[in-house]
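Open the model in your viewer and keep the sequence panel beside it. This tour tells you what to select at each stop and what you will find there.

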Amino acid sequence: MIRMLPKVFAVSSIVAILSSDPGAADFLTSKEKATGKVTACSWQNEDRCYTAKIEKGRFGPQMRLNGGTVLDCAGDCRDTLRRATVDFWDDQRERSRD
């Protein structure tokens, strides 16, 4: 039972984080809510995917990338993660055309 306490605490913390910002929680699957991680795949190449840990931030849910960079979810964690990682350069090209 004691060995399970950290896992129970981690899951309950993630649930608390996501319930504090219902807009961000709407975009996550039940698996992402349970694991505290979000995965985004490229729109251009579905083989390119990136997974980040969801954390409680000062102003709502945030994601921590592998290198330590922290990103605010900005409403939709998965879309923000996709734009910042796997589709970064495609997104930059598209925005430069505007």
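The stops run from the whole chain to its disulfides, its core and two glutamates.

**Before you start.** This is a predicted model, in which local features need pLDDT of at least 70, side-chain atom pairs count only at pLDDT 80 or more, and totals for chains, interfaces and linings use all residues. Residues are numbered from 1 along each chain as its sequence is written, and side-chain values use heavy atoms, with hydrogens and water left out.

**Stop 1: the whole chain.** Show the cartoon. The chain has five helices and four strands; helices (H or I, at least four residues) and strands (E, at least two) are DSSP runs, numbered from the N terminus. Along the sequence their pattern reads α-α-α-β-β-β-β-α-α. Now switch to a surface view. About 6900 Å² of the chain is exposed, and carbon and sulfur atoms supply 55% of that; such areas come from the Shrake-Rupley method with a 1.4 Å probe, and for residues only the protein chains shown count as cover. Of the 98 residues, 33% count as buried. Buried means under 20% relative accessible area, exposed over 50%, and partly exposed in between (1.4 Å probe, protein chains only).

**Stop 2: the disulfides.** Select the cysteines. How many disulfides does the count come to? The count comes to two, where a disulfide is a pair of cysteine sulfur atoms within 2.5 Å. In general, a disulfide is a covalent bond between the sulfur atoms of two cysteines.

Take Cys-41 and Cys-49, which are joined with an S to S distance of 1.9 Å. The torsion about their S-S bond is about 100°, so this disulfide is right-handed. Cys-41 is partly exposed, at 30% relative accessible area, and Cys-49 is partly exposed too, at 40%.

Next select Cys-73 and Cys-77, joined at 2.0 Å from S to S. Here the torsion is about 95°, so the disulfide is right-handed. Cys-73 is buried, with a relative accessible area of 1%, and Cys-77 is buried at 0%. With bonded cysteines counted along the chain, the disulfides follow the pattern 1-2, 3-4.

**Stop 3: the core.** Keep Cys-77 selected and add Val-38, Tyr-50, Ala-52, Met-63, Leu-65 and Leu-81. Of the 13 residues in the largest nonpolar core, these seven touch the most other members. Strand 1 (37–41), strand 2 (49–57) and helix 4 (77–84) are the elements that give two or more residues to this core, and strand 2 gives the largest share, three residues. A nonpolar core is a set of buried Ala, Val, Leu, Ile, Met, Phe, Trp, Tyr and Cys residues joined through side-chain atoms within 4.5 Å.

Centre the view on Leu-65. Leaving out residues up to four places away in sequence, Leu-65 touches Tyr-50, Ala-52, Leu-71, Leu-81 and Thr-85; contact means heavy atoms within 4.5 Å.

**Stop 4: two glutamates.** Select Glu-55, in strand 2. Is Glu-55 buried or exposed? Glu-55 is buried, with a relative accessible area of 17%. Add Arg-64: the two side chains make a polar contact at 2.9 Å. A polar contact is a pair of N or O atoms within 3.5 Å; within protein, one must be able to donate a hydrogen and the other to accept it, and residues adjacent in sequence count only if both atoms are side-chain atoms.

Finish at Glu-46, in the loop between strand 1 and strand 2. Glu-46 is exposed, with a relative accessible area of 65%. Add Val-86, 40 residues apart from Glu-46 along the chain: their C-alpha atoms are separated by 9.5 Å.
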